[in-house]
Amino acid sequence: MSHGPRSGLAAVSSALLAMSRHLEVRDVLKTIVASARELLDAQYAALGVPDDHGGFAQFVVDGVSDEQWKAIGPLPRQHGILAAMLHEATPQRLGDVRKDPRFEGWPSAHPDLVDFLGLPIRDGDEVIGALFLANKNCEKPDGRCGFTEDDEELLGILAQHAAIALTNARLYERSRELTIAEERSRLAHELHDAVSQKLFSLRLTAQAAATLVDRDPARAKGELQQVAALAAEAADELRAAVVELRPAALDEDGLVATLRTQIQVLDRAHSARVTFAGHGVKALPASQEEAMLRVAQEALHNALRHSAAERVDVTLHRRGTGAVLRVTDDGSGFDPRTVRRAGRHLGLVSMRDRASGAGGTLTVESAPGKGTTIEMEVPGG
């Protein structure tokens, strides 16, 4: 079989490996569509995941610019050929989709599709998506479809593996949602147990101070100092819990901008010099960005609170499709061989768990009096 610029078993293998590399549903969909279009040498490709209301929960395209996609308008409804693929669960291979009796037109900004090849993506008996290609890059004599039976067979293989990749990604996201829900529940209990107790003590101490103001000002002053201490402890407890939540800035601004902003704040708030440099890092899967941010925060906390560092340098740079985070300080350092004691105290166990959970690795270099370097690498998407 020949399929344009890329053909053969190596191309198929490359496409399937690309699908299995991602865990986020959106990333999986994009990879499926791009792989199918390249492998079968078509101008356009798309994949729609249906919702329960006659539309699409997600619709990913390849071969259409962002400007053109915006001009096309809202997501398409389940109609025409798309509906046939979803409801009848049958392949569709057409010489000219515009001449099919089920064709219902498209928006004015929509590209002109002619020959068409589409297949349902099935998970058992359930149709979980519709994958289609249009406008094969080849000669099409006599108005016949440029897509062949071999193309349909190859797209069928991709669709089967796409079903596996998409199902796995959905399971991963559901598992992640459950983990987040459990973590939020844990944080709520911690907040209740820790902060509410501090606030209760603070209230009682404040009441005691109020009764002593007139008859024993010295004792009242001591009680008010205790109020200030309890308030500070409550604030620290709250801050420690809140930092565990994924910050909105990460979703809105991305990892590089979020790190730069946080490090600028730390540089102003501490006597140590704290710097940041980012080099050519592209967007990473959400789970990897969050893990990197948390490791950076933990490493910075250690350097600024425990190591007596005068300088802390944070770098983030691209490595292949992934990224490497490095946090280096000139502080007191420690002996990494005392892993149990230092690991718990400095959060190294937590950092390693975060790195591993995101598919990455964490290395720690330190020695007494020699500072510490913590490096985390993630594979990207």
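A residue is taken as buried when its relative accessible area is under 20%, and in this predicted model Phe59 meets that criterion, because its relative accessible area is 8%. Phe132 likewise counts as buried, at 10% relative accessibility.

Aromatic ring pairs number 5 in the model. In one of them, the ring centres of Phe59 and Phe132 lie 6.5 Å apart with the planes at 50°, and the pair is therefore classed as tilted. This contact joins distant parts of the chain, since Phe59 belongs to strand S2 (residues 56–62) and Phe132 to strand S5 (residues 126–136), with the two positions 73 residues apart in numbering. A further pair is formed by Phe103 and Trp106, whose ring centres are 4.8 Å apart and whose planes meet at 75°, so that the arrangement is edge-to-face. Phe103 is partly exposed, with a relative accessible area of 28%, and Trp106 is also partly exposed, at 28%. Ring pairs additionally connect Phe56, Phe59, Trp69, Phe116 and Phe132 into a cluster.

Backbone geometry was also examined. Most residues other than glycine have a negative phi. Asp41, by contrast, has a positive phi, near 55°, and is located in the loop between helix H2 (25–40) and strand S1 (42–50). A positive phi near 55° is likewise found at Ala308, which lies in the loop between helix H9 (286–305) and strand S7 (311–319). With regard to accessibility, Asp41 is buried, with a relative accessible area of 16%, whereas Ala308 counts as exposed, at 67%.

Note on methods: Residues numbered from 1 in each chain as written. Predicted model: local features only at pLDDT ≥ 70, side-chain atom pairs only at ≥ 80, totals over all residues. Heavy atoms only, no water. Helix = DSSP H or I, 4+ residues; strand = E, 2+ residues; numbered from the N terminus. Buried < 20%, exposed > 50% of the residue type's maximum accessible area, 1.4 Å probe, protein only. Phe/Tyr/Trp six-rings, centres within 6.5 Å; stacked < 30°, edge-to-face > 60°.
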